[in-house]
Amino acid sequence: MWLDVLEGQRGPSPPRLSIEDATLLYEEADFNLLRSVASERRRYVNPGNHVTYMIDRNVNYTNVCTINCQFCSFYRPPGHEETYTQTYEQISARFYELEEVDGVRVLMQGGVNPELPLDWYTDLIRFLRKKHPSIALDCFSPIEIEGIAEVCGLSTIEVLKSLKDAGMHGLPGGGAEMLVDDVRLDVSPLKGSADNWLRVMKEAQSLNLTTSATNVIGFGETALHRVKHMDRIRQLQDEAMDNGWVGFTSFIAWPVQLEVNVFGKRNRGRNRIELGCGPTEYLRHVAISRLFFDNIPHIQGSWPTMGLDVAQMALFGGADDIGSTMMEENVVSASGTEKTCALEVELQEAIRRAGFVASRRDSDYNLLLTPDVSPDVQAFPAPPPLQPEAN
Ligand code: SF4
């Protein structure tokens, strides 16, 4: 039966995959056939032979946080001796480093810091806009927006409006993790329900802020939980499309990192034996996401958690983007990821060795002029373009 469902996903306009059928494919479909159909779908959604990447950097401006997610080794509670909050000048210094390598975007996220008022954020955004006008500012996550709203006594949409007026370009999709409350409220009880994340994202989309959707897997959840997560995002994207908004530009999934985290031990008593996920499961997840999201244009392969080789394999199974250079990462890496920076040449070589043309992009997925920084690596010949089926 899974074969019928999968074969039905071929061609330029397959029927929308239901939660039940997606779960069936997740649990039973042949791995290689699933990836092959997802790859075909990717070529219909994103024709041509380009795989994109972005020159950007992360800035984790504060590690003070009151939320206490069980999988997080980055945060420190207020008053802890290892807390930090970077000054505007320290943050700006990181932007200068990015400008030196032609960067176009900063992803700035931190903890939920109860000591920082809204003015601290809006003044920071204005300061950075003035000093670094060519860098797009994709900042904060829905839970940080909720934290700021609580500190200043405003609604989340009022906070988002103030940040946008100050010059913020986008609200990244961090903190979605698993938008199924059974799982979410178990691993991050203070983060609030899935509805909260989706509401703040919808507000951001209504203001034309650039948004992306993320997904962390490997908390011991089922395939059905994962598909339900995707379904919440797909529903919100439908609303965005109906309203004429851009909505989510992309979907990015990665497995939870637990190497130096006590999360696994805490959950052993609840029969959660297998946490995280390996490459095969990850690649299956990418393929399902490409087939499931008929309304989100881009699917990203994640090199920071899976490694460049697995991210490269994702390009053959539904992904059309390999992420960004990042330059630094302190949140996921605090739980065990070692590689937190990719050189442009590494991304270009990974893309080319997979047979694709490497293209720089900006935060909105506009293609940019791409210098050839790995001239010795030639792409394999491109596959022929897919033709619409005759009626
Ligand atoms: S994941 Fe984010 S919200 Fe959760 S504890 Fe860490 S910094 Fe705080």
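A residue counts as near a molecule if one of its heavy atoms lies within 4 Å of it. This is a predicted model, where local features need pLDDT of at least 70, side-chain atom pairs count only at pLDDT 80 or more, and totals for chains, interfaces and linings use all residues. Residues are numbered from 1 along each chain, and side-chain values use heavy atoms, leaving out hydrogens and water.

**View 1. Around the ligand.** Here you'll find Cys65, Ile67, Asn68, Cys69, Cys72, Phe74, Tyr75, Gly111 and Lys191 surrounding the ligand. This shell splits into 6 nonpolar, 2 polar and 1 charged residues; nonpolar means Ala, Val, Leu, Ile, Met, Phe, Trp, Tyr, Cys and Pro, charged means Asp, Glu, Lys and Arg, and the rest, Gly among them, are polar.

**View 2. Two cysteines.** Cys152 is partly exposed because its relative accessibility is 29%, and Cys341 gets that label too, at 30%. (Buried means under 20% relative accessible area, exposed over 50%, and partly exposed in between, using a 1.4 Å probe and protein chains only.)

**View 3. The second largest cavity.** A cavity is a set of points on a 1 Å grid over the protein atoms alone where a 1.4 Å probe fits but can't get out, and its lining residues have an atom within 4 Å of a point. The volume, about 40 Å³ for this one, is the space filled by probe spheres set on points joined across faces, edges and corners. Its lining includes Pro142, Glu146, Lys191 and Trp197. By class, that lining has 3 nonpolar, 3 polar and 3 charged residues.

Key. 1 Å grid on protein atoms, 1.4 Å probe; cavity = no way out; pocket = protein on both sides within 12 Å on 5 of 7 lines; lining within 4 Å.
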